[in-house]
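Biologist: I would like to learn how to read a model like this one. Can we go through it feature by feature?

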Amino acid sequence: MINPVLLIVLVLSFSFSFDARAQKFENLALTPPMGWNSWNYFKCDFNEQLIREVADAMVSSGMKEAGYEYIIIDDCWQVGRDKEGYIIPDPEKFPSGIKALADYIHAKGLKFGLYSDAGTKTCKGLPGSRGYEYQDARTYASWGVDFLKYDWCHHGTQDAQASYTLMRDALYAAGRPVLFSICEWGENEPWLWAPEVGHMWRTGHDIKDCFNCDLNTSSQGIMKILDQQVELRKYAGPDRWNDPDMLEVGNPGLSLAESRAHFSLWCMLAAPLIAGNDIIHMSDEVKSILTHKEVIAVNQDPLGLQAIKWLDFGDLEVWFKPLTSEEYAVCFLNRDENPKILDFDFNQWEKVFDPDKGWKKYAFDDTYQMHDLWKNEKIGTTRESLKSTIPGHDVLMIKMTKIP
Ligand code: GLA
């Protein structure tokens, strides 16, 4: 007969070892992840040479120094499975194999990301990971993958939470820390369960390089995506980010002002900053948006708070993001195509309430120095009204620092 004490010890140790496996890799994304992904600009048109050049450009453009870390290959790198079920990378695109490319990227001090799908096929109809989760996770670990974007096409009747949890556990069992990026387009309210499963989750359908347009449901413009984030802010924080989708900064459908506004807002939202343009051939203006240190610092602030949509005057909105050291970032957004004259008196508004933190109050009882982040200049204090003209589809983004 089995000793009851031994039985308890056995049951406990089983449940502990089980718990130890059933988790995501913690602390891989204490601030919003930063990197580059092939999809938004190149779609399926890439190969190992291009990805190497992207890695080179990441360093030479100053993006790496500005904080960008991951080079992520999206859909279209895989072509089939071999007899044993191992995933086969496209031999024409990657004649040297994925491992050699990952090594190249790592040698530059960068990290490497790949894409797969929780269903039977990716969105481009290539093999998904359904039924091969543990095998794929081991393959990724052997190649040196640091980031996995996991899509949701061809999922049939699969349950989203279970499917993503399965891959989370497979990655964990494979033993190499992987930042897990959940991409089920916000269809199953991932903000309610994904914080335990991954480090970031898409909140909606695909972004398009279009500022203020209403597209079909499978892709949407920047303003529409922005509107979807307002109610989701309470779910985000260090290691668990809402992902309003990758950046379109520098892509052909956006003017420079629109790219600047888009970037500013994603920084205010504490969104992952995954560039999606051709960084090999980008203009100096686009580069200076993507590498703006003070604006990126707002995104990377360790408090990890997503901005509050504070005031809404129709086409003029005011977004507010508390930062560490009692500093605040404020972004005035002009959604209209015509310029807007701003005459804003902080004393008139006095405070911002944060409904998601028990109606915490941020008050402007003290005087604050205002700093225009894009122009990099001081623009007075909150003792006087803030007067400015904001061009169409552009922003005025300021940081407020208390004057002792
Ligand atoms: C989906 C995703 C996109 C991209 C494509 C690739 O649409 O949401 O971000 O990964 O698939 O096919």
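Biologist: Where does Gly-250 lie?

Modeller: First, a caution: this is a predicted model. Gly-250 lies in a loop, with strand S11 (241-243) on one side and helix H9 (256-268) on the other.

Biologist: Is Gly-250 buried, partly exposed or exposed?

Modeller: Read the relative accessibility. Under 20% is buried, over 50% is exposed, and partly exposed is in between. Gly-250 has 32%, so Gly-250 counts as partly exposed.

Biologist: How far is Gly-250 from Met-282 in space?

Modeller: Compare two numbers, separation along the chain and separation in space. Gly-250 and Met-282 are 32 residues apart along the chain. Their C-alpha atoms are separated by 7.1 Å.

Biologist: What does the pair Asn-27 and Pro-238 show?

Modeller: These two are 211 residues apart in sequence. In space the distance is 8.0 Å, C-alpha to C-alpha. Asn-27 belongs to the loop between helix H1 (4-21) and strand S1 (34-37). At 52% relative accessibility, Asn-27 counts as exposed.

Biologist: Now a helix residue. Where is Ile-222, and is it buried or exposed?

Modeller: Ile-222 is in helix H8, which covers residues 222-229. Its relative accessible area is 0%, so Ile-222 is buried. Try the distance reading here too. Ile-222 and Leu-247 are 25 residues apart in sequence, and 9.5 Å apart in space, C-alpha to C-alpha.

Biologist: Let us turn to backbone angles. What sign does phi have in most residues other than glycine?

Modeller: Most residues other than glycine have a negative phi. Cys-76 is not a glycine, yet its phi is positive, about 95 degrees. Glu-326 also has a positive phi, about 55 degrees, although it is not a glycine.

Biologist: Where do Cys-76 and Glu-326 lie?

Modeller: Cys-76 is in the loop between strand S2 (70-72) and strand S3 (78-81). Glu-326 is in the loop between strand S14 (316-322) and strand S15 (328-334).

Biologist: Which of the terms buried, partly exposed and exposed fit Cys-76 and Glu-326?

Modeller: Cys-76 has a relative accessible area of 5%, so Cys-76 is buried. Glu-326 has 48% relative accessibility, so Glu-326 counts as partly exposed.

Biologist: Next, the ligand. Which pocket does the ligand sit in?

Modeller: Look for the pocket, then for the neighbours. The ligand sits in the largest pocket. Around the ligand are 13 residues, and Asp-74, Asp-75, Lys-149, Asp-151 and Asp-206 come nearest.

Biologist: How does the shell divide into nonpolar, polar and charged residues?

Modeller: The shell has 6 nonpolar residues, no polar ones and 7 charged.

Biologist: Which side chains have polar atoms close to ligand oxygens?

Modeller: Check distances between N or O atoms; the cut-off for a polar contact is 3.5 Å. For Asp-206, a polar side-chain atom lies 2.6 Å from a ligand oxygen. For Asp-151, the distance from a side-chain N or O atom to a ligand oxygen is 2.8 Å. For Trp-185, a polar side-chain atom is 3.1 Å from a ligand oxygen.

Biologist: How much of the ligand does the protein bury?

Modeller: Begin with the ligand alone. Taken that way, the ligand exposes 310 Å². The protein buries 93% of that.

Biologist: Which residue does the side chain of Lys-149 contact?

Modeller: The side chains of Lys-149 and Asp-74 are joined by a polar contact of 2.7 Å. Lys-149 is in strand S6, residues 147-151. Its relative accessible area is 8%, so Lys-149 is buried.

Technical notes. Residues are numbered from 1 along each chain as its sequence is written. This is a predicted model: local features need pLDDT of at least 70, side-chain atom pairs count only at pLDDT 80 or more; totals for chains, interfaces and linings use all residues. Side-chain values use heavy atoms; hydrogens and water are left out. A residue is near a molecule or strand if one of its heavy atoms lies within 4 Å of it. A polar contact is a pair of N or O atoms within 3.5 Å; within protein, one must be able to donate a hydrogen and the other to accept it, and residues adjacent in sequence count only if both atoms are side-chain atoms. Accessible areas come from the Shrake-Rupley method with a 1.4 Å probe; for residues, only the protein chains shown count as cover. On a 1 Å grid over the protein atoms alone, a cavity is a set of points where a 1.4 Å probe fits but cannot get out, and a pocket is an open set with protein on both sides within 12 Å along at least five of seven lines; lining residues have an atom within 4 Å of a point. A molecule sits in a cavity or pocket if more than half of its atoms lie within 2 Å of its grid points. Ala, Val, Leu, Ile, Met, Phe, Trp, Tyr, Cys and Pro count as nonpolar, Asp, Glu, Lys and Arg as charged, and the others, Gly among them, as polar. Helices (H or I, at least four residues) and strands (E, at least two) are DSSP runs, numbered from the N terminus. Buried means under 20% relative accessible area, exposed over 50%, partly exposed in between (1.4 Å probe, protein chains only).
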